[in-house]
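User: I'm new to this structure and would like a close look at a single part of it. Could you pick one helix and walk me through its surroundings?

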Amino acid sequence: MCSSDLRPLAAPVAARHFAASPLESAQKVYDDLVAKSVKEFEANKDKVAGDLDAELAGNKMVLFMEGTPDAPKSELSMNVVKMLTQAQVVPLMSVDVLAHPAILGYTVSKSARSRAPHLYVNGSFYADHDGLLAKYNAGELSQLGTEATKSTGSGFGGELPIANY
């Protein structure tokens, strides 16, 4: 058998490069989403800010979150809903920041925090997830609710009914 009868070796395949950490990769994807969302908001600032400023003015508490209270789309949003429910913070209006990029851009621009969820109280930014967690652990979140919103009764007195946000 001569060397001309041998098949040539396949071309070397380039090595795949993976992120050092999946969390770093996910954070980069989210940072890119935020950057694109802020650009979208800036392009439609008058319309978006006008509509969302009206919602902030018309509601005591507005939560900008990923998903809805019944179906959160991130662990942070789910945790915030649990904290607000436990602290009986109602009435609460929620806005899904993933419904349109300009909505996420609006809340990121207004709050100067890049990671949703964001809670606004009386039209002003109140806290993001980490701030709400600190306030929850300190017992401060329960001050946002009122005695009128708490349930009464012997079995579940002081608790919110399930699925009532």
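**A close look at helix H4**

Analyst: Let's start with the whole thing. This is a predicted model, and the accessible surface of the protein comes to about 10400 Å², of which 56% belongs to carbon and sulfur atoms. The protein has five helices and four strands, and from the N terminus on they run α-α-β-α-β-α-β-β-α. Of its 165 residues, 32% are buried. If you take the contacts between residues at least 6 apart in sequence, 65% of them join residues at least 24 apart.

Now for the helix itself. H4 covers residues 101-111. Eight of its eleven residues are buried, so H4 is largely enclosed by the rest of the structure. The buried ones are Ala102, Ile103, Leu104, Gly105, Tyr106, Thr107, Val108 and Ser111. What do they pack against? Their partners are H1, helix H2 (45-58), S1, S2, S3 and strand S4 (124-128). Just after the helix comes Ala112, with a positive phi near 60 degrees.

One residue of H4 is worth a stop: Tyr106. There are four aromatic pairs in the protein. In one of them, the ring centres of Phe41 and Tyr106 are 5.7 Å apart and the planes sit at 75 degrees, so this pair is edge-to-face. It ties together distant parts of the chain, since Phe41 belongs to helix H1 (residues 22-43) and Tyr106 to H4, 65 residues apart. Both Phe41 and Tyr106 are buried.

A second pair involves two of the strands that H4 packs against. Phe64 and Tyr120 have ring centres 5.3 Å apart and planes at 75 degrees, so they too are edge-to-face. Here Phe64 sits in strand S1 (residues 61-65) and Tyr120 in strand S3 (residues 118-121), 56 residues apart along the chain. Phe64 and Tyr120 are both buried. Put these four rings together with Phe125 and you have one aromatic cluster: Phe41, Phe64, Tyr106, Tyr120 and Phe125.

Next, the strands beside the helix. S1 pairs with strand S2 (residues 93-96) in the parallel sense, over four bridges. Leu63, for instance, has Ser94 in S2 as its bridge partner. Add helix H3 (residues 75-86), and S1, H3 and S2 make a right-handed β-α-β unit.

Follow the chain out of H4 and you reach the loop that leads to S3, where Pro117 lies. Is Pro117 buried or exposed? Its relative accessibility is 0%, so Pro117 counts as buried. Setting aside residues up to four places away in sequence, Pro117 touches Leu63, Phe64, Met65, Leu76, Ser77, Val80, Ala127, Asp128 and His129. Two names there are already familiar: Phe64 from the aromatic cluster and Leu63 from the bridge to Ser94. As for Asn79, 38 residues from Pro117 along the chain, the two C-alpha atoms are separated by 9.7 Å.

Finally, a couple of charges meet rings elsewhere in the model. The charged end of Arg115 sits over the ring of Tyr30, 4.1 Å from its centre. Lys135 does likewise with Tyr126, its charged end being 4.8 Å from the ring centre.

So the picture to keep is a helix with eight of eleven residues buried, packed against helices H1 and H2 and all of S1, S2, S3 and S4, with Tyr106 as its member of the aromatic cluster.

Technical notes:
Residues numbered from 1 in each chain as written. Predicted model: local features only at pLDDT ≥ 70, side-chain atom pairs only at ≥ 80, totals over all residues. Heavy atoms only, no water. Buried < 20%, exposed > 50% of the residue type's maximum accessible area, 1.4 Å probe, protein only. Contact = heavy atoms within 4.5 Å. Areas by Shrake-Rupley, 256 points an atom, 1.4 Å probe, with all protein chains shown as cover. Phe/Tyr/Trp six-rings, centres within 6.5 Å; stacked < 30°, edge-to-face > 60°. Lys NZ or Arg CZ within 6 Å of the ring centre and 35° of its normal. Pairing = 2+ DSSP bridges. Right-handed = clockwise from strand over helix to strand, strands pointing away.
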